[in-house]
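Here are my notes on the fold, point by point. Please read them with the structure open.

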Amino acid sequence: MVEGLTKAFGPQTIWRDVTLTLPPGEVSVLLGPSGTGKTVFLKSLIGLLKPETGRVMIDGVDMVNDPDRKVYEARKKFGLMFQDGALFGSMNLFDNIAFPLREHTRKKEPEIRRIVMERMEMVGLGGAERKLPGQISGGMRKRAGLARALVLDPKIILCDEPDSGLDPVRTAYLSQLLIDVNARIDATMLIVTHNIEIAATVPDNIGMLFRRDLVAFGPRELLLTSEEPVVAQFLHGNRHGPIGMSEEKDAATLAAEAEAEARDRTRKRGFEIPPQLRPTEGMPVRQAEQRHAARVDQLMPRLPYAAQQAILAHRNHPMGGGADGRS
Ligand SMILES: Nc1ncnc2c1ncn2[C@@H]1O[C@H](COP(=O)(O)OP(=O)(O)OP(=O)(O)O)[C@@H](O)[C@H]1O
Ligand SMILES: [Mg+2]
């Protein structure tokens, strides 16, 4: 659905020739060092920023090149959760979450009320309707942002660093919430994050932006077992490797070192990667699970050995050998 996308601001190319299809209903994570244009990418998907070349096709509408009227219509299919929650400070949570419904639909107040209460319940904010954003914790604001992203029954949910500013426990709850939301509404989800734990346990697929390129996009096992220096360095939060403080540290000298380290790590760990989170007990089965498995079967022969082994290990021991991922 994204084809040959290139975005520049003046002389500065942000990324070029990005092509990928977000598998319908699956959860994908987009990684990349700060400043590589992840937020710019999300904004391009919804047509808020216009790349210079390429297309973003959403149900037949090109978010880059079609007229504003069509783009605006298609944008209603997206649910957005911004980096900072982006709640209106002077509105209570109920009005914040009701905002897209009042703005984009002609629904009557009783129905708006029903939808808002249901979504607030879903993200664990039942009873907090009258609170102002300034009166609640960062974690609650994140969940309010997610509830607001859900009110229009989006087919596609984009989350920009949903975990920023959260402690590890809240991040774990949020991870579970994202999987549960996916199980309930079967929406296509793209999550931008720097959090290695989320990347390792939430998505079906992982992609990574680095130095103006989408360096990889594929099943989680492909990236999590990758020996590609950039990917391995990022996923292990390592200081050694091509990603430097300046983001553009000389790659050639350090790449070999990082690659050796990644290989070493893979050898030590075998091909074990953490199991993916499963929906909370009582939630529907994720419909994406079956589709993802079928897609991965097709890709299998072309995947590296380590990725194949990791996939097979989880299929043979779906609970990841002890940890049942249902925390
Ligand atoms: N409207 C704009 N005009 C000019 N340059 C911009 C604009 N928006 C973003 N940029 C530039 O594009 C680059 C990518 O920014 P972006 O916010 O997408 O990075 P990011 O990957 O989301 O980073 P982070 O992980 O820190 O959120 C930055 O160099 C930024 O300065
Ligand atoms: Mg950003």
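1. Overall contacts. Take contacts in the chain between residues at least 6 apart in sequence: 68% of them join residues at least 24 apart. The model is predicted, so keep that in mind for every value below. The chain has 327 residues, and 49% of them count as buried. Its secondary structure comes to twelve helices and ten strands.

2. The six-stranded sheet. In what order do the six strands of the open sheet run? The order is 6-7-8-3-9-10, and the pairing is mixed. Strand 6 (78-81) and strand 10 (213-219) are the edge strands, each pairing on one side only. On average, neighbouring strands of this sheet are turned by 15° against each other, direction ignored.

3. A parallel pair inside that sheet. Strand 3 (residues 27-31) and strand 8 (residues 188-192) run parallel. Four bridges join them. To find the register, start from Leu30: Val192 in strand 8 stands opposite. As background, strands of a sheet pair through backbone hydrogen bonds, either parallel or antiparallel.

4. The N-terminal hairpin. Strand 1 (residues 2-9) pairs with strand 2 (residues 12-20) in the antiparallel sense, over five bridges. Val2 has Leu20 in strand 2 as its bridge partner. Two residues lie between strand 1 and strand 2 in this hairpin. Check the turn at Gly10, where phi is positive, at about 60°.

5. Strand 1 and its other partner. Which way does strand 4 (residues 53-58) run against strand 1? The two are antiparallel, joined by three bridges. Glu3 and Arg55 of strand 4 stand opposite each other.

6. The second hairpin. Strand 4 also runs antiparallel to strand 5 (residues 61-62), with two bridges between them. Ile58 is bridged to Val61 in strand 5. This hairpin, too, has two residues between its strands. Asp59 takes a positive phi near 45° there. Anyone checking backbone torsions should look at this residue along with Gly10, whose phi is also positive.

7. Ser44. This residue is in helix 1 (residues 38-45). Is Ser44 buried or exposed? Ser44 counts as buried, because its relative accessibility is 0%. Leaving out residues up to four places away in sequence, Ser44 touches Leu5, Trp15, Leu49, Pro51, Val56 and Met63. Among these contacts, Leu5 falls in strand 1 (residues 2-9) and Trp15 in strand 2 (residues 12-20). Val56 falls in strand 4 (residues 53-58).

8. Leu80. Leu80 lies in strand 6, one of the edge strands of the six-stranded sheet. Leu80 counts as partly exposed because its relative accessibility is 23%. Not counting residues up to four places away in sequence, Leu80 touches Ile46, Gly145, Ala149 and Leu158. How far apart are Leu80 and Ile46 in space? The C-alpha to C-alpha distance is 9.3 Å, across 34 residues of sequence. Gly145 and Ala149 sit in helix 5 (residues 138-150).

9. Helix 5 with helix 6. Two packed helices are described by the angle between their axes and the distance between the axes. Helix 5 (residues 138-150) and helix 6 (residues 168-185) pack at an angle of about 15°, and their axes are 11 Å apart. That angle makes helix 5 roughly parallel to helix 6, since angles under 35 degrees count that way. The crossing is right-handed. From helix 5 come Gly139, Arg143, Leu146 and Leu150. From helix 6 come Arg170, Leu177, Leu178, Val181 and Ile185. The contact residues divide into six nonpolar, one polar and two charged.

10. Helix 3 with helix 5. What is the distance between the axes of helix 3 (residues 93-104) and helix 5? The axes come within 7 Å and cross at roughly 30°. This crossing is right-handed. Helix 3 brings Leu93, Asn96, Ile97 and Pro100 to the contact, while helix 5 brings Ala144, Ala147 and Arg148. By class, the contact has five nonpolar, one polar and one charged residues.

Conventions
Residues numbered from 1 in each chain as written. Chains lettered and ligands numbered in written order. Predicted model: local features only at pLDDT ≥ 70, side-chain atom pairs only at ≥ 80, totals over all residues. Heavy atoms only, no water. Pairing = 2+ DSSP bridges. Axes fitted to C-alpha atoms, helices over the stretch in contact; angles between N-to-C directions. Parallel < 35°, antiparallel > 145°, perpendicular 65-115°, else oblique. Left-handed = near helix turned anticlockwise from the far one by under 90°. Contact = heavy atoms within 4.5 Å. Nonpolar A, V, L, I, M, F, W, Y, C, P; charged D, E, K, R; others polar. Buried < 20%, exposed > 50% of the residue type's maximum accessible area, 1.4 Å probe, protein only.
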